[in-house]
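Subject: Handover of a structure, with notes on what was found

Dear colleague,

I am passing on the structure below, which you have not worked with before, and after it I set out what was found. Please keep it open beside the text as you read.

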Amino acid sequence: MPLIIKEKDIEWFESKDKILIIVPLSSRVDVKPSVLHTSKYLKVSSPPYLWECFLFGSVDPEKSFVRITGDKVSFELQKSVDEMWNALTHSQAGCDSYRKEQREAAFEEHQKHLQNSLESKLQRKQTVHRESIRRQMELEELDRQTIEREKMLENQKAAEEIKRKKEQLKANMIAQKRKQLQRLSEQIPPTRKSGHIRVNFTPRVFPTAARESQEAEEKEVIVFLPKCNLNSKQHCLIHFTMQPLIMPSHP
């Protein structure tokens, strides 16, 4: 049989919007008290002691606080309606049926509160999990972009290095070719100085080219020419170049 903490053993204070209740504890210090608070019902169980309170009015459990110390439990309750109660407990708190009804209502309210808290906790956990996955995906995407950027930089460096080597190779080939051309130019003998070659042609009476086959006939004509006058000489030369020799008659 639990020992009931009397209302005269507790302290309480109120304002229009809040109410403060202090419940003393005299149980073993190694036993943690069990506390339940709903909109109209309060309970502290610290074996062998028990305290129940059927509040005069309604409070907001979500905006209320409970503090447990070694020798007391403090309730700081937010009133649902800003008004003075002038009493801590309901006028029917001594009625067994009312007390039973309020206990059942408090139990259902507490179960609903636990369910909502569990759902909220699960929802927060899912939200945190989704946010963690989203953050992880962002980090992976950032890593991928970083890797791609590093690869691009490496490719650019490689392309620039290949280009530089090609240009260097081209410059080396040009320089080598210039050296070869320079060596070849050094091996070529210098150009001889320009000069004049004097050519003397043997005088020829006949206008045609000399032929060995006609050399005898040409000699006979040359011997005969001094005996001819000018017209006969010209006629004889032209006639000799056109056909076999026919000696003209003396004038």
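A residue is called buried here when its relative accessible area is under 20%, exposed when that area is over 50%, and partly exposed in between. On that basis, buried residues make up 18% of the 251 residues in the chain. Please bear in mind throughout that this is a predicted model.

To begin with the overall layout, the chain holds 3 helices and 8 strands, and, read from the N terminus, its elements follow the order β-β-β-β-β-β-β-β-α-α-α. Of the contacts between residues at least 6 apart in sequence, 56% join residues at least 24 apart. The chain exposes about 20,300 Å², and carbon and sulfur atoms supply 55% of that area.

Turning to the strands, there is an open sheet of 4 strands in the order E2-E3-E8-E7, with antiparallel pairing. E2 and E7 stand at its edges, and because each has a single partner strand, one side of each is left without a neighbour in the sheet. From one strand to the next, the twist averages 15°.

The pairings within this sheet can be followed strand by strand. E2 and E3 pair in the antiparallel sense over 4 bridges, and Phe13 stands opposite Leu20 in E3. Strand E3, which covers residues 18–24, is in turn joined to E8 by 7 bridges, again antiparallel, and Ile22 has Ser74 in E8 as its bridge partner. On the other side of the pairing list, strand E7, residues 59–68, is joined to E8 by 6 bridges, and these two strands also run antiparallel; here Asp60 has Gln78 in E8 as its bridge partner. A hairpin through 3 residues connects E7 to E8.

How many of the 8 residues of strand E8 are buried? The count is 6, so this strand, residues 72–79, is largely enclosed by the rest of the structure. Lys79, in strand E8, is buried, with a relative accessible area of 3%, and it forms a salt bridge with Glu14 in which the closest N and O atoms are 2.7 Å apart. This pair links distant parts of the chain, since Glu14 belongs to strand E2 (residues 11–14) and the two residues are 65 residues apart. Glu14 itself is partly exposed, at a relative accessible area of 22%.

The next element to look at is helix H1, residues 96–187. H1 has 92 residues and reaches 133 Å from its first C-alpha to its last, which is close to the 136 Å expected at 1.5 Å a residue. Which residues of H1 are buried? They are Tyr98, Gln102 and Ala106, and the buried residues of H1 pack against strand E5 (41–46) and strand E6 (49–54). Gln102 counts as buried because its relative accessibility is 12%, which is under the 20% limit. Leaving aside residues up to four places away in sequence, Gln102 touches Lys40 and Phe54.

A salt bridge also connects helix H1 with strand E6. Glu52 pairs with Arg99, the closest N and O atoms being 3.6 Å apart, and this pair too links distant parts of the chain, with Glu52 in strand E6, Arg99 in helix H1, and their positions 47 residues apart. Glu52 counts as partly exposed at 22% relative accessibility, and Arg99 is likewise partly exposed, with a relative accessible area of 23%.

Further along H1, the side chains of Glu138 and Arg134 meet in a salt bridge, at 2.1 Å from N to O. Because they are 4 residues apart in helix H1, Glu138 and Arg134 are separated by about one helical turn. An α-helix has 3.6 residues a turn, so residues three or four places apart point the same way. At 34% relative accessibility, Glu138 counts as partly exposed, and Arg134 is partly exposed as well, with a relative accessible area of 38%. Salt bridges that share partners join Glu131, Arg134, Arg135 and Glu138 into one network. With the cut-off of a side-chain nitrogen of Lys or Arg within 4 Å of a carboxyl oxygen of Asp or Glu, the count comes to 11 salt bridges.

With best regards

Key: Residues numbered from 1 in each chain as written. Predicted model: local features only at pLDDT ≥ 70, side-chain atom pairs only at ≥ 80, totals over all residues. Heavy atoms only, no water. Buried < 20%, exposed > 50% of the residue type's maximum accessible area, 1.4 Å probe, protein only. Contact = heavy atoms within 4.5 Å. Expected span 1.5 Å × (residues − 1). Pairing = 2+ DSSP bridges. Areas by Shrake-Rupley, 256 points an atom, 1.4 Å probe, with all protein chains shown as cover. Axes fitted to C-alpha atoms, helices over the stretch in contact; angles between N-to-C directions.
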